[in-house]
Amino acid sequence: MAAASAGLVAFINQLEGHQLEALFTQPYATVALLRSLQPLARQVLARLVCTGGAISAALVSSFARPEASSKLAAALGELTSLRLLSKAAQGGQQMYVLHPSFQAQLRQAMCCGMMDDLQAAALPPPDAAPPSAAELAAFARQQWEAVLLFLVDGASSPPSPPHVLRAAPLDVPSLLAAAGLMLKNEYTQRQSISEAGFQFLLTGLYSQLWAVVRQYLAGLGAGPTGGQGGPPGGGSGLAVAINFLLRLGLQAGRPICYSQLGPAERAIAAHMAQLGLLMPAAAGADVWLHPTRLAAVLAGGGRAGESAAASEDGYVIVESNFRVYAYTTSAVQVAVLRIFVRCDALLPNLVVGTVTRDSASAALALGITATQMADFLRQHAHPRAAAKHPVVPAVVTDQLRLWQAERARLRAQPAAIYSRFESPQLFSGAVEFARQAGALLYCSQERQQLAVDASFHDAMRGHLRERKMALGL
Amino acid sequence: MADFEDDSSLLALLLDVSPAALSCLASTPGLGLQSLLEQLLTFVNTFLLLNDANRLAVFTAGAAGCQLAYCSSSCLPPAVAGPAAVADAAWPPSASVLSGLQQAVTAVAQAATAAGVPPAAGAACQLSSALSRALCFINSQQRRTATALPGGGPLPEGPDAGGGGGGAGPGQRAQAARVLVLAAAPDAPSQYIAVMNAIFSSQRSNVIIDACHLGQGHSAFLQQAAHLTGGVYLRPTKPQALVQYLNSVFTLDAGTRALLRLPGAAQVDFRPSCFCHKRQIDLGFVCSACLSIFCEQLPACTTCGTEFEGKQK
């Protein structure tokens with residue numbers, strides 16, 4: 001599914017060799033990548049990181065219990081496809097070699113921690129109160145929802161860059177269009193949401209962030225078209241940009257001094273502030289950038305992002321009579337729900353809707369799957385509803401699945417039809433011949449008609465000719 | 001979204017700093033106290049690196065009692081962990097753990113000399129109190145997360161609340177918790193009952209007890225603790241490479257453990273201590289009413305007062 005493959009691991013899988021080499025020398029990228037891996041792969045790395053040289057593949061495979069060897073093989077496959085592990089033959093034995101610079105970064109993080117460069121960095125003046133957690137969350141929500149709202153209706157204004165930074169703003173509409181989430185109408189020059197955009201809305205926050213950031217990074221790599229003043233293209237520039245983005249989430253809420261950043265990082269930081277990953281706050285003469293929850297989700301490897309999203313903004317209650325109650329004031333959340341829920345009443349803090357066959361079919365026609373809808377309802381469940389089991393009533397999830405299956409009732413298959421048989425014997429013989437070959441698709445005794453798979457046509461023609469000769473027709 | 005389970009865990013690490021353990025460590029070739037602390041620090045860093053939701057507390061268990069040496073900032077109550085604490089908390093906590101541990105260890109050593117206890121004397125660590133402290137810590141953490149979550153509300157103290165342990169609400173699962181005991185001192189048979197009670201309560205609250213024994217011989221207490229709670233008991237054959245043992249075995253969460261081969265104790269020493277003289281025994285007498293264990297036949301149970309019938313010697 002698209003949602004599952006839209007994370008850091010998928011992004012790194014797409015990078016080329018020299019970009020990977022550059023990325024693995026970056027400390028924060030290394031740690032974030034480690035956390036995005038599946039648990040078993042992480043444990044394999046924990047075991048191998050302090051070893052030197054090559055490890056026999058047979059030894060690594062013997063880590064697993066016999067019944068779990070396929071899972072270990074999958075984890076090793078993930079590691080090799082990311083080029084963290086490479087296979088080499090040595091003395092007639094298969095050996096695994098850990099990527100040397102990745103290993104060095106990981107060892108460094110394990111032994112010494114990674115705060116060396118941050119310890120040296122200045123701290124904001126103590127008299128300036130940092131923004132509270134609620135303020136950070138509100139800012140992140142405001143900026144990110146502006147992106148989503150623009151995606152939904154294409155008419156509202158995209159998030160504005162924070163004024164204090166005085167930086168070139170990020171062109172959010174082109175970014176969304178380049179990511180394939182919006183389509184531009186050539187005549188009206190207006191953008192509207194695409195099918196991929198609807199699917200995007202229903203995925204989790206982690207996947208959403210990565211879809212946007214991925215496109216942003218691609219823009220940086222492509223040159224000056226995407227990000228103004230971005231780092232120079234090529235492996236190292238991209239690696240530095242990724243490392244900087246991940247560092248925002250990994251430094252445990254420490255603010256960054258805007259004026260101490262390099263020009264390239266400053267541009268990225270301003271763009272990320274526009275998307276809501278950083279909250280600028282003036283303290284003294286400088287502007288300090290405080291990472292928000294979104295930055296932590298970006299670097300959190302998916303699992304943490306999911307829980308962070310769930311604990312804060314659960315608002316949906318689904319009843320077994322297909323009623324949906326959503327306690328929300330956000331226009332985006334209402335818009336997302338309306339993709340597949342018929343809206344019955346819109347109250348100041350509550351949306352009452354119903355999942356109907358029509359509303360679900362409309363969403364299915366957009367390419368949204370039943371699983372995506374059910375997952376959305378589950379992930380955004382109101383805490384009261386989330387405490388129940390199952391979170392979304394089984395009738396609703398089952399019915400969504402049935403409605404999806406309904407769309408696949410008809411199946412097209414190339415076929416050849418035969419009619420006007422000269423004799424009933426010829427017809428029944430042909431039916432029997434096709435049935436034995438497993439190619440019979442349809443036959444009607446009354447109409448004396450018969451349809452077989454198109455690939456079987458030649459064999460059938462030969463058979464009919466033979467039979468006609470034999471019957472003397 | 002990641003398609004794997006939540007593999008984060010809450011780890012309470014008990015470091016044995018009793019005089020007996022310290023003298024044992026000093027005599028282990030290639031593993032002094034300093035080296036042990038450094039390797040332990042690497043393990044702590046690795047554990048915190050592997051998952052950003054991993055939480056950790058380090059306790060030092062001495063002969064006099066048990067002290068908290070370090071805990072992750074997310075373990076502190078919100079009142080304590082203000083913005084100042086966040087700025088303080090270096091990540092990973094390289095320097096703060098090491099300095100905290102060193103302070104604790106030197107404090108223990110000073111206290112021992114001040115009390116006039118020769119360091120080589122067999123003062124074992126208070127394993128029972130340290131285990132209880134760790135279990136209390138885990139329980140308080142799990143309760144706090146359960147109440148902090150919206151909708152969790154006050155704990156469901158129903159008739160079934162005792163069985164679940166951890167105090168998690170019906171919907172959310174409490175974060176898996178583990179205790180890792182890093183011990184070097186020999187068992188103190190006098191603590192048998194208290195240790196077993198701690199083991200049973202951790203068994204009941206689904207807390208795994210792992211043990212890594214660095215001293216001479218095996219520890220029957222730790223073997224039983226690991227055996228009964230589903231943990232791993234390990235006595236490194238090469239203690240100087242401790243960090244590899246720690247990183248390979250004790251960073252594993254419960255879910256991943258089910259997939260990997262782990263070192264298991266070939267034989268668990270199940271011998272109990274008698275209630276009357278605290279001697280470790282192979283064969284003994286058991287009270288039929290309260291299951292107290294005695295090394296000699298008594299006319300009545302000293303625990304519950306039941307009078308034993310039958311032939312007296």
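This note sets out points on confidence, one sheet and one helix pair.

1. The model is predicted: local features need pLDDT of at least 70, side-chain atom pairs count only at pLDDT 80 or more, and totals for chains, interfaces and linings use all residues. Residues are numbered from 1 along each chain as its sequence is written.

2. Chain A averages a pLDDT (the predictor's confidence in each residue, from 0 to 100) of 81, and 89% of the residues score at least 70. Among the elements of chain A (DSSP runs numbered from the N terminus, helices being H or I of at least four residues and strands E of at least two), strand 12 (residues 350-354) has the highest mean pLDDT, 94, and helix 16 (residues 303-312) the lowest, 50.

3. An open sheet of 3 strands in chain A has the order 6-8-7 with antiparallel pairing, where a pair requires at least two DSSP bridges. Strand 6 (256-257) and strand 7 (278-283) of chain A each have a single partner strand, so one side of each lacks a neighbour in the sheet. Strand 7 of chain A is joined to strand 8 (residues 286-291) of chain A by 6 bridges, and L278(A) stands opposite P291(A).

4. Helix 3 (residues 27-36) and helix 7 (residues 100-112) of chain A have axes (lines fitted to C-alpha atoms over the stretch in contact, with angles from 0 to 180 degrees between N-to-C directions) that come within 9 Å and cross at roughly 90 degrees. Residues in this contact (heavy atoms within 4.5 Å) include L33(A) and L34(A) of helix 3 and F102(A) and L106(A) of helix 7.

Definitions and conventions: Chains are lettered from A and ligands numbered from 1 in the order in which they are written. Side-chain values use heavy atoms; hydrogens and water are left out.
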